[in-house]
Amino acid sequence: MSLSRITVTGVRNLHPVTLTPSPRINILFGDNGSGKTSLLESIHLLGLARSFRSLRLNPVITHEQPSCTVFGQVELADGQSAALGVARERSGDVRIRIDGQNIRSAAELADTLPLQLINPDSFRLLEGAPKLRRQFLDWGVFHVEHRFLGAWQRLQQALRQRNSWLRHGTLDVASEAAWNRELSAASDEIDRYRRAYIQALKPVFESTLAALVDLKGLTLSYYRGWDKDRTLAEVLAGSVERDRALGHTQSGPQRADLRLRMGGHNAAEILSRGQQKLVVCALRIAQGHLVNDRKRGRCIYLVDDLPSELDEQHRSALCKLLEQLECQVFITCVDSTVLQDGWGDDTPVSMFHVEHGHIHPAMSPSGVKA
């Protein structure tokens, strides 16, 4: 799938703009602060109804404007198209529409427009909290296993009930047992989906990483969130007093993690920043391949400041892998000449110059105006 048209109004320093991007490679270049990342942020808003740059909404909306809106026309894999729209108000209200229909959940939006983000903060996937790696894992499972969302929703409800009981003691014995059973059942289901996904992801990740960088000894493993030798029901029964003292459930899929290690050490403690970026790129590109294989449609890649921390050899290798995905890619950089020659002769490439919040088509590598 790809965006054939995108209209942005009221996002940061961007002036109102409508773009007709290439279905493959789109390069946005210009000085720092010109608005390049704001365009990627707008696409992220369209796909997830939230920013990747700020947890707060107000900085995303143009100064003195009441709201920001993003509209997009998505070309689907089956030849159909979908019209998406997201509006965020300063009050916090959000409006999501797909083909003219109001949508209450961003999950349907994410399913229609799957996005992968690679930006200067990507190294946090390795050295950040387990929550970030769970989000990465569950993004992939969500897009290849349609039953995952229902199991995840059941898990969240069961966790809320159990944690409320742990803090306030408001459940009777029968209700406590029922919610423990529901928590265990949903957890086992989620664990099965995650394990199957990791089994499929690992060989693709390893081959993708090998095409980028030689990191012998790097291993990827999955921790499910509780003792591998006991059922969750047994673990919960044995940890009631500790959970009650802490006020929340200590074991379960909400504590799962992906572990990347080298020689028994956390990989983030050994790898350089550039190597970390390549590992994260390999993980996200591997996810893209699984989406291609399991789902009709391809995810869209948002790559902010691709050249940073990568030399010419690794930039070229990364561009080649992105090109091989045959998906739509939006890349930002300061100097357009760094990236404009790294693509095949038959690959459609559009160039856009971003200056003071204005975006204008520029000359593509072939000499044709984008």
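Two strands count as paired if DSSP finds at least two bridges between them. In this predicted model, an open sheet of six strands follows the order β2-β1-β4-β5-β6-β7, with antiparallel pairing. The points below treat the sheet, two helices and several salt bridges.

**The sheet**
- β2 (17-19) and β7 (101-103) stand at the edges with a single partner strand each, so one side of each has no neighbour in the sheet.
- From one strand to the next, the twist averages 15 degrees.
- Three bridges join β1 (residues 2-9) to β2 in the antiparallel sense, and I6 stands opposite L19 in β2.
- Helix α1 (residues 36-48) lies across β1, β2, β4 (67-75) and β5 (81-89), at about 75 degrees to β4.

**Helix α4**
- Helix α4 (residues 130-144) reaches 22 Å from its first C-alpha to its last, close to the 21 Å expected at 1.5 Å a residue.
- Eleven of the 15 residues of α4 are buried, among them F136, W139 and F142.

**Salt bridges**
- The structure holds 16 salt bridges.
- R133 forms one with D257, their closest N and O atoms being 2.6 Å apart. R133 lies in helix α4 and D257 in strand β10 (residues 257-262), so the pair ties together parts 124 residues apart in sequence. Both R133 and D257 are buried.
- D191 forms a salt bridge with R195; both lie in helix α6 (residues 173-212), four residues apart, about one turn of the helix. D191 counts as buried because its relative accessibility is 6%, whereas R195, at 39%, is partly exposed.
- R12, E41 and R53 are linked in a network of salt bridges.

Technical notes
Residues are numbered from 1 along each chain as its sequence is written. This is a predicted model: local features need pLDDT of at least 70, side-chain atom pairs count only at pLDDT 80 or more; totals for chains, interfaces and linings use all residues. Side-chain values use heavy atoms; hydrogens and water are left out. Axes are lines fitted to C-alpha atoms, for helices over the stretch in contact, and angles run from 0 to 180 degrees between N-to-C directions. Contact means heavy atoms within 4.5 Å. The expected span of a helix is 1.5 Å times one less than its number of residues. Buried means under 20% relative accessible area, exposed over 50%, partly exposed in between (1.4 Å probe, protein chains only). A salt bridge is a side-chain nitrogen of Lys or Arg within 4 Å of a carboxyl oxygen of Asp or Glu.
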